[in-house]
Amino acid sequence: MTKLEDGSEKGLKGHFKEDYSVRTRTGLAPRAGHIERNPPYKRIATEEAWTFPDLVKAQVEYLNSGEAPNDDSLKMAGMFSRMPSLQEMLQDLGDLRLAHMDEYGIDRQLLLLTAPGVQVVRPGEGTPLARQANDIAAEACRKHPDRFSACAAFDPRDVAGSVKEIDRAMSQLKLNGAVLNSHFQGRYIDEPEFFPILEALEAHDAALYIHPTAPFNAPHYEDRGFYGALAGFPHDVWLHTMGLIFSGAFDRFPKLRLVIGHMGEAMPLQLYRFDWMQGNADNRAGLRGGRPPVKLQHPVSYYFQNNIWITTSGVAWEPAVKFCMEQLGSDRVLYAMDYPYQQSSDEVAAYDRMQLSPEHKKMLMQTNAERVFRIR
Ligand code: CA
């Protein structure tokens, strides 16, 4: 990646608006509308980002040290660190965030440590930073029990440390699930050495939210301006999700629960084809570095209807919501805003106006999140 004179990296800059107060609308975005102030449901937003100064410092220090691998995900952290208004919103777990929630009618945020999180810092620093993150998030939840819930961070490169931290975060801190910001230096938790993490999540009945990050060493994305939502983000979570399914993780841990955002990163629209093409990878020898073949117990679509939930983050689009509720199950689609990256009153109003039955609307906005993330 080319360094520009102002210290920013060519390619990443311009993927994200510097000024997050500017709202833009696309052709498909709903027209501006009034937010219903007393809807017959609570709005629980389930993919809401935050971070804290020590983590940003550790990311930037490693990035600037010249000792880090060429990790576009870490470079993205560097870019975010240079956006003061974004950092102000990300780092606030009090008045500013609550004021924005009130403005947009959000009753509760599920806090997720923002991408790329603790999995890009110096090896060895990730688990202590995850512990710190989880203590801070738990404190915010204790302070504002009606407004915040949180997923636990962990650094998958430290498997034993992750298992221990997931244990602590679920048993002692009473957090609501766990979050992984997709790949870590090009690795994925579909490899058997990471299965103890999946086992711990299943044992605690803790949902795992896999959130996007910039793809690893992907100049072909960078050259086209596609690091983020236009391709890189959904592609990386797609790969991670497919990898987990074909690793046999859900057969081995049948109660494991996975949540993916951005309308399931578009995967639900392809279920028919996934089932048709399952043989490309199912029970095939020679894959994954020559490991023994894995034979799935079910069609791919089964896992989307039994182990996977999706959130709507950034896609306030009625046809997509309806399709996913119909094909995955009305209990499998959860509302998310994606604060502060995509906050908009138009979006909230669009959910209010969606032509869903009152029962399904309440499931989408409130009760599915309460069940999946054990929010009481
Ligand atoms: Ca997000």
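Here is a short tour of three spots to select in this predicted model. Residues count from 1 along each chain as its sequence is written, and side-chain values use heavy atoms, with hydrogens and water left out. Local features need pLDDT of at least 70 and side-chain atom pairs pLDDT 80 or more, while totals for chains, interfaces and linings use all residues.

**Stop 1: the calcium ion.** Select the ion and show its donors (N, O and S atoms within 2.8 Å of a metal, 3.2 Å for Na, K and Ca; water is not among the atoms, so sites may look incomplete). You'll find Glu47 (OE), His211 (NE2) and Asp338 (OD) at 2.1 to 2.4 Å. Glu47 sits in strand β1 (44–50) and Asp338 in the loop between β9 and α15, 291 residues apart. Glu47 is buried (under 20% relative accessible area, 1.4 Å probe, protein chains only), at 1%; Asp338 is buried too, at 7%.

**Stop 2: helix α14.** Select 318–328 (helices are DSSP runs of H or I, at least four residues; strands are E, at least two; both numbered from the N terminus). Ala320, Val321, Cys324, Met325 and Leu328 are buried here. Look down the axis: they fall within an arc of 130 degrees (directions from the axis to the C-beta atoms), so they line one face. Their packing partners include α11, α13 and α16. Just after α14 comes Gly329, with a positive phi near 125 degrees.

**Stop 3: α3 and α4.** Select 84–91 and 95–104: the helices pack at about 90 degrees, axes 7 Å apart. Those axes are lines fitted to C-alpha atoms over the stretch in contact, with angles running from 0 to 180 degrees between N-to-C directions. Show Glu88, Met89 and Leu90 meeting Leu96, Arg97 and His100, where contact means heavy atoms within 4.5 Å.

Key: Buried < 20%, exposed > 50% of the residue type's maximum accessible area, 1.4 Å probe, protein only.
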